[in-house]
Every structure is written in C-alpha cells, then in structure tokens.
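Thanks, everyone, for making the time. I would like to go through one structure with you this morning, taking a helix contact before turning to an overview of a chain, so please have a look at the screen.

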Amino acid sequence: MSQQRTTVLNPTASPPTPLAGLGARLSKLDGARIGLLDNNKPNAVALLKRVGERLTSDYGVELIYYNKKVPSLEAPSVELDQFASDCDAVVLAIDD
Amino acid sequence: MAAQNLPTVGLVTTEFSDFARQLLEQQQASVTPLVEVGHPVGGVAPEVAADLITESVYEAIVASLLPAKNNESDSAGAAERTEQTRAAEVQAEESEPVDFEVTGDEVAVTAEMHRRGMTDGLPVVVPTRERVDEMCAGATRYPLESLGSIAPLGGAATILKIASNAVMAGCQPEHMPVIEAATEAIQEDEFNLVGMQTTTHPCALLSIVHGPVAETLSMNSGAGCMGHGNQANATIGRAMRLVMQNIGGAHPGKTDKATQGTPAKYSWCFAENEAESPWPSLRESLGFHASDSCVTVAAAEGPHNINDHGSTDAEGVLNTIAQTMTTLGNNHIYVAGDHFVVFGPEHAKTVADSGFSREDVQAYLYENARIDASRFTPGKYDEATSWGGYADRLEAWGNRIPLVREPESFRILVAGGPGKHSTWIPTFAVGTTQTRAIQLDAELCVL
C-alpha cells in the first residue's frame with residue numbers, strides 16, 4: 001500500500017456545546033398544574049391522557065392540554081410561552 | 001420548556017429515543033429527562049397505545065418530575081450541573097471535527113471517510129487542502145464566513161466546510177455561488193429545515209436553477225434533466241445532500257428518521273427550460289428580474305410521471321395531471337403546501353396553444369385537483385393537521401378536499417425535452433418552497 005499521507009479537510013461540523021446536568025424539578029406533585037403537550041401524531045393524546053388520569057388520581061394535579069397541530073413544525077413561540085406560563089411542569093410526547 | 005426552566009418530561013418511543021436526545025442537545029435542552037415507551041404508538045387502537053403507559057413507565061415519569069432521591073438539595077444539584085456542564089464542554093472541544101491524515105492512496109482515504117460516516121455511500125473526491133482552496137476561490141464569500149447553522153444538529157456552514165463537501169461531490173469552483181444561495185435558502189424559517197431533515201417522510205432536497213447561470217454552468221434543462229449525465233446537475237445536488245448530512249448532521253436512521261427515504265436524496269438538481277416555456281419563467285412570475293439567476297429549493301418527494309400521449313388541448317392534459325395528483329398517500333392531504341408541476345415542453349405548448357396562461361393552469365388545478373371525501377377512511381380526517389380537521393369544512397368544500405390553500409401553491413414551470421411526459425412533484429408540505437437570487441459578481445479583497 002502507498003505510504004503517501006493525505007490530509008483530509010474535515011467536511012463535518014460540530015453542533016453547539018450541549019447543556020448537561022439535571023433539569024428543573026418540582027418539589028412536590030400534589031396539586032401541581034401539569035401541562036400535556038400533544039405533538040398531534042396519532043395516539044399521542046391517548047398516551048398523555050392515560051398519564052394525566054394517573055397523575056390526577058394519585059396527586060390531584062390540574063391538567064392543561066396543548067395541541068401542537070402540525071407534528072413536523074415547531075409550535076409558535078407565543079403559544080408555547082403562554083402554555084408554559086400556565087403550567088408548573090410539562091409532559092410531552094415525541095413519538096410515531 | 002426546559003429553556004424556561006420548567007420541569008419537563010419527554011415521552012418517546014424506543015425507536016426515537018436516540019433521535020430525541022440529539023435534538024434536545026442541539027436545542028440546548030438536554031437536561032430534559034426522556035422516558036421510553038414501546039414502539040409504535042401510531043397505527044394501533046388508542047386503548048392499545050394508552051396501555052404503553054405501564055406501571056414502570058408511569059413511575060419513571062413521576063420520578064422525572066420530582067427531585068432525584070440522592071440529590072435532594074438544590075445547591076448540590078447546581079454543583080452537579082456545573083460539573084457536568086464543564087465535562088460536556090471539554091467533551092465537545094475534544095470532539096471538534098478536525099482535519100485528519102490518512103496514510104495510503106485515494107482508495108484508502110475514501111475508505112476512511114466511509115468509515116467515519118462522512119460520505120453518501122458512493123466514492124467521493126477526497127477534500128485535500130489544495131482542492132478545497134480551489135473550491136473556495138469560486139465562492140462569493142471568505143472561507144471562514146458562516147452562512148448559518150444547519151439543522152438539525154446546528155453545525156456552522158462556513159464556506160470552508162461547504163467547499164469541502166462540494167469537492168467530495170465532484171463540483172467545480174464555479175458551482176459554489178449556486179450552492180451558497182441554496183444553503184442560505186434552506187435556512188429560511190418558512191422552509192422548516194429541521195422538520196424536513198428529521199421527518200419520517202421521504203423528502204429530498206430539490207434544487208432548481210433558473211436564469212443565465214444555468215447556461216453558464218452548462219446545466220441540463222432539456223431531455224433527461226432530472227436524470228443522470230450532467231456534471232453540474234449531478235454534483236450541485238449531491239453537494240447539497242452532503243452539506244445537509246455532514247454540516248447539518250442528518251444521518252439516516254439516526255437524526256434523519258425517514259422511514260424509507262428516496263433515491264432523490266443522493267442528488268436532485270436540474271435547470272428550468274426557460275427557452276421552451278410558453279409562459280414567463282418561474283423566477284419572473286415570483287417577482288425576480290429577467291437578468292437574475294436564482295435557485296429554488298424544495299423538500300420534495302420523488303418525481304411522479306404524467307404520461308399523456310392522447311390529449312390535444314389544455315383541458316385534456318390538465319385533466320390527466322389533476323387526476324394523477326389526487327392520491328391519498330401524499331402530505332398535501334393533511335397540510336396543503338406547495339406542489340411542482342413540471343411540464344414537458346410539448347405538454348406546455350399544447351396547454352398554452354389552448355390559450356391557458358400559468359394562472360389559468362393554476363386555477364384549473366385548484367378547482368379540479370380535489371379528492372372526493374368518500375375515498376377517505378374516517379381516520380384520515382383526524383390527520384388533517386394544519387386544516388384543523390376536515391369535518392367542519394366538508395360541506396363548504398362540497399365534499400371535495402383541496403390539495404392546496406391557494407392556486408399559487410401549484411408551482412408551474414417547464415423542463416425536459418421532446419416527448420409527451422410531464423412531472424408532478426409533491427412536497428413535504430410542512431414548510432414553504434424558497435426561491436433566492438444567486439450572487440455571482442462578488443469581488444473578494446485579497447489580504
């Protein structure tokens with residue numbers, strides 16, 4: 001085999017540095033306002049509804065529902081901000 | 001949600017968990033805990049899907065919303081976050097893509113690039129310093145200038161990186177301005193690049209070149225223009241795919257979640273046949289000047305042939321086109337969006353000779369390319385996502401569901417050579433086709 005050395009200009013690029021560590025947590029679930037964010041893929045709502053039923057039964061949470069309408073499109077930031085301000089925590093579905 | 005420091009848990013199926021983690025990292029939201037459920041969630045009865053929330057899944061959700069058991073103190077949590085952030089930064093620094101050396105001939109170097117996942121699977125031209133410098137010389141910007149971050153993973157599209165991928169694709173330096181314009185165009189918010197790159201839908205990047213530059217680059221706008229055999233068509237399309245893969249980070253099965261994909265993802269670029277168009281060029285119809293050169297980018301399904309050897313007038317040809325478009329399996333049923341109808345010159349002449357302008361063609365298709373609601377199963381109604389469901393609209397539509405919101409969404413142009421064939425190109429539709437002027441005359445200062 002040839003011993004020639006070739007320098008390759010790397011065609012890939014790094015993504016931005018990710019955050020690490022733990023996300024924010026609730027101190028307790030009892031009575032919390034839990035947002036359920038549905039990406040509108042088929043049956044996402046079925047999953048979230050079951051989660052909501054269990055959390056309501058076990059912790060008396062208040063449920064706030066948000067439907068993203070188009071799965072492959074980011075939700076409008078104004079709507080998301082409003083949704084976030086109404087919630088203490090969020091459960092979302094990323095599925096297919 | 002995580003960016004707002006709101007406690008958030010993501011439910012994700014086993015087949016999408018790696019993908020979700022990478023996207024969350026790119027969006028600076030990797031602190032979001034993910035809980036896996038079985039795959040698939042879709043395509044089963046709702047009660048079957050709901051049962052995927054098993055006791056252990058539910059417990060994981062609850063645990064993810066509450067403080068970790070071994071880490072009750074906020075200050076301890078903050079310290080851990082700081083430490084992990086530092087570790088992540090070091091890791092990111094160490095994994096910064098750097099140029100690398102390979103010992104051996106061109107075949108050995110290409111093999112190493114295959115191994116590193118940098119190719120499209122086909123042999124590439126090795127991007128050596130000399131070749132990339134030569135490619136950069138064809139650009140209209142300096143090598144370290146970035147055209148932005150390419151979704152989904154957000155790598156910076158510097159001219160240098162773009163040129164490296166263009167070399168791999170087999171481009172010539174004079175192709176660079178087209179690639180620069182297309183790279184900018186796909187980053188328009190309305191294009192929805194992150195959706196296009198990560199969807200299960202088989203959309204490829206289609207680049208259509210318009211105006212004088214197509215002739216300058218000897219591009220094919222005539223017979224077989226969507227096929228093989230022309231260097232500029234083949235390599236510009238391929239360069240765009242490599243940019244989207246290597247800078248954007250869209251890898252099949254990982255971040256590019258296309259269920260099956262399409263051969264059009266290797267390369268798809270052609271030029272508009274303006275010389276044989278009976279109508280003004282597409283760029284002029286969009287408001288660009290006759291002297292402008294432009295590139296149109298679209299997240300497109302593969303081309304669908306329209307064969308009509310029998311019709312002798314506009315209504316005949318357009319009826320065949322409308323009937324070809326009215327199928328159930330495309331995204332337009334759910335979200336409208338843009339279509340391309342690429343007329344072969346002979347079909348275009350037949351239609352225009354009947355007195356039909358571009359606007360007449362669009363109006364005809366708007367009225368006639370509609371799908372009778374009786375062809376749908378009820379489940380399809382629920383998938384009409386951007387319409388907000390069909391049920392309330394069927395009466396107004398006379399039970400005939402449109403494929404677009406307005407006639408202009410049918411993008412009409414001419415390409416190809418002799419023969420009685422045209423092409424319908426459906427799109428991803430969750431996003432809007434973009435057309436951008438190509439900057440050709442930049443004079444860079446030599447320092």
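Let me begin with the residues that bring two helices of chain B together in this predicted model. On the H6(B) side the contact is made by Arg129(B), Arg131(B), Val132(B), Met135(B) and Cys136(B), and these meet Ile159(B), Leu160(B), Ala163(B), Ser164(B), Ala166(B) and Val167(B) in H7(B). If we sort the residues of this contact by character, 8 are nonpolar, 1 is polar and 2 are charged.

Now to the geometry of that pair. Helix H6 of chain B covers residues 129-136 and helix H7 of chain B covers residues 159-169, and the two pack with their axes 8 Å apart, at an angle of about 110°. Because angles of 65 to 115 degrees are counted as roughly perpendicular, H6(B) is described as roughly perpendicular to H7(B). As for handedness, the crossing in which H6(B) passes H7(B) is right-handed.

Let me move on to chain A. What pattern does chain A follow when read along the sequence? The order is β-β-α-β-α-β, which corresponds to 2 helices and 4 strands. Chain A has 96 residues, and 48% of them count as buried. Turning to the contacts in chain A with a separation of 6 or more, we find that 72% are accounted for by residues 24 or more positions apart. Finally, the accessible surface of chain A comes to about 4500 Å², and carbon and sulfur atoms hold 53% of that area.

Notes
Residues numbered from 1 in each chain as written. Chains lettered and ligands numbered in written order. Predicted model: local features only at pLDDT ≥ 70, side-chain atom pairs only at ≥ 80, totals over all residues. Heavy atoms only, no water. Axes fitted to C-alpha atoms, helices over the stretch in contact; angles between N-to-C directions. Parallel < 35°, antiparallel > 145°, perpendicular 65-115°, else oblique. Left-handed = near helix turned anticlockwise from the far one by under 90°. Contact = heavy atoms within 4.5 Å. Nonpolar A, V, L, I, M, F, W, Y, C, P; charged D, E, K, R; others polar. Buried < 20%, exposed > 50% of the residue type's maximum accessible area, 1.4 Å probe, protein only. Areas by Shrake-Rupley, 256 points an atom, 1.4 Å probe, with all protein chains shown as cover.
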